[in-house]
Amino acid sequence: MRRRASLVLLAFAVFCAALSPLLRWYAFPRLAKVPAGQYRTVVMEAENATLIDYGTLKPRTVPRLTVVQTLKGNVEKAREVGAETGRDVVVWDTLSYAAGPDGAMVSMIPERYVFDAHSQEPVHAGGEHVDGTPVRRDGIEFKWPFLVEKRDYRYFDLMTRTSAPIHYKGTRVFHGLDVYYFEQTIPWTKVPLPRKLPLGISPDTVRRLGLERWYTTRRMFWIDPVTGAPVNGEEIHSEEMRWTGDPGKEPIPAFSGHVKMRPDYVDSTVALVASQRQLVLLLTSYLPWGLLALGGVLLALSLALEARDRRAVAADRAHDGGKPERVTPEGVA
Amino acid sequence: MRALAAAAIGLAAALALVLAVTAVGPPRGETSPEPLLTSAPARP
């Protein structure tokens, strides 16, 4: 009986010990992925921002500029691109909508971002675009990969429509979470005008006035290293309208402001990320280490039972001197 | 010999479990009916 129990314990010990690395190195890379049907909104605000008035072509200061960023997973398109490329793909349709203090539109830029659900590498299919113009992304956007490394990444810039390094600048504590801080600076660069501008003005009208749009930004992200999700983002962003072919003429400031996540969105993002990171930690840390320890305990128990069993058998043999049982001749008894 | 058989059973069970779980995978979900927003919601 004891023998059978030690064998069962041994089977469970091997089960736990084998499951530990299998979960971490086989299951986790296959199970951890960005859900295809995700829907998220983030509201960012810039207090006392400078904004161009397209009616007078003069800058004005507004008490608050609001940027609403919506991100919506397009599951049908993801399925289509997945079948086409043979990869597990996520398609995000996003909209960055900037509004003045009266709620009137300042700019709106739609985007389509197609990427690998596991690695977050861009996938060049499914009509990836920025403001209706096809782009070919290189690097990440919006989210970092799972298990973020302490290194620089390439990050796609929506305005210039190119990728540039975003630098790892150290570990910080943000709302009780240990996060990685990243920073990217885009130097003054000529960028396309959004297709939709206020007052029904078209980019062609602005071009005919002899103006072109230039932009610079310092982008900051606080990233949860387990899920790769940003828990906070800020941007010190400036735009100006420069006179085409007349660099000596004074440019018109088009936008200037420090854009920050609205505090209630910071709180809700931190709460969401804190819960999601437990799922990732379950597969990468809690279960692998727990199962390994349990496997060790079960193996020790199995060996202890086996040793006791052998000792008992040896004691029985020692009691009768280890002699074979006497065979009673038939018929004597 | 019995110990080897027990270890093999444990190993096979672990492999079968992991392969089954990864083959099923997490659900894909549906596209949200919510629109892309053009005004800031009052709360998250």
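**Entry 1: surface patch**

For patches I take residues with over 30% relative accessible area and no salt bridge, joining like charges within 9 Å and nonpolar side chains (Val, Leu, Ile, Met, Phe, Trp, Tyr) within 5 Å. This is a predicted model, in which local features need pLDDT of at least 70 and side-chain atom pairs count only at pLDDT 80 or more, while totals for chains, interfaces and linings use all residues. Residues are numbered from 1 along each chain as its sequence is written, chains are lettered from A and ligands numbered from 1 in the order in which they are written, and side-chain values use heavy atoms, with hydrogens and water left out.

I looked up a nonpolar patch first. A:Leu282, A:Tyr286 and A:Leu287 make one of about 250 Å² on the surface. Areas come from the Shrake-Rupley method with a 1.4 Å probe, and for residues only the protein chains shown count as cover. I placed A:Tyr286 in helix 4 (residues 263–319) of chain A. Helices (H or I, at least four residues) and strands (E, at least two) are DSSP runs numbered from the N terminus. A:Tyr286 is partly exposed, because its relative accessible area is 43%. The classes are buried under 20% relative accessible area, exposed over 50%, and partly exposed in between (1.4 Å probe, protein chains only).

**Entry 2: aromatic pairs**

I searched the whole structure and found 15 aromatic pairs over all chains. The rule is that rings of Phe, Tyr and Trp (its six-membered ring) pair if their centres lie within 6.5 Å; planes under 30 degrees apart are stacked, over 60 edge-to-face, and the rest tilted.

How do A:Trp144 and A:Phe221 pair? Their ring centres are 5.3 Å apart and their planes stand at 65 degrees, so I entered the pair as edge-to-face. A:Trp144 is in the loop between strand 6 (133–134) and strand 7 (153–157) of chain A, and A:Phe221 is in strand 10 (residues 211–223) of chain A, so the pair ties together parts 77 residues apart in sequence. A:Trp144 is buried at 0% relative accessibility, and A:Phe221 is buried at 13% relative accessible area.

I then looked at A:Tyr168 and A:Phe182, an edge-to-face pair at 5.7 Å centre to centre with 65 degrees between the planes. This pair links strand 8 (residues 162–174) of chain A, which holds A:Tyr168, to strand 9 (residues 177–191) of chain A, which holds A:Phe182, across 14 residues. A:Phe182 has 0% relative accessibility, so A:Phe182 counts as buried.

Both pairs belong to one aromatic cluster, made of A:Trp144, A:Tyr153, A:Tyr155, A:Tyr168, A:Tyr180, A:Phe182 and A:Phe221.

**Entry 3: charges over rings**

I checked for charges over ring faces (NZ of Lys or CZ of Arg within 6 Å of the ring centre and within 35 degrees of the ring normal). A:Arg242 sits over the face of A:Trp188, at 5.0 Å from the ring centre. A:Lys249 sits over the face of A:Trp243, at 3.9 Å from the ring centre.

**Entry 4: salt bridges**

How many salt bridges are there over all chains? My search of the whole structure gave 23. The cut-off is a side-chain nitrogen of Lys or Arg within 4 Å of a carboxyl oxygen of Asp or Glu.

A:Arg137 and A:Glu141 form a salt bridge at 2.8 Å, N to O, and both residues are buried. These two are linked with A:Glu111 and A:Glu128 in a network of salt bridges.

A:Asp157 and A:Arg219 form a salt bridge, with the closest N and O atoms 2.7 Å apart. A:Asp157 is in strand 7 of chain A and A:Arg219 in strand 10 of chain A, so the pair ties together parts 62 residues apart in sequence. Both A:Asp157 and A:Arg219 are buried.

A:Arg218 bridges to A:Glu183, with the closest N and O atoms 3.1 Å apart. A:Arg218 is in strand 10 of chain A and A:Glu183 in strand 9 of chain A, so this pair ties together parts 35 residues apart in sequence. A:Arg218 is partly exposed at 32% relative accessibility, whereas A:Glu183 is buried at 14% relative accessible area.

**Entry 5: A:Thr66 and chain B**

I placed A:Thr66 in strand 2 (residues 58–73) of chain A. A:Thr66 is buried, because its relative accessible area is 13%. What does A:Thr66 touch, not counting residues up to four places away in sequence? I listed A:Val43, A:Met44, A:Glu45, A:Tyr97, A:Ala98, A:Ala99 and B:Ala40; contact means heavy atoms within 4.5 Å.

Chain B has one helix and zero strands. The C-alpha trace of chain B spans about 70 × 20 × 10 Å along its principal axes. Of the 44 residues of chain B, 16% count as buried. Chain B exposes about 3,100 Å², and carbon and sulfur atoms supply 71% of that area.
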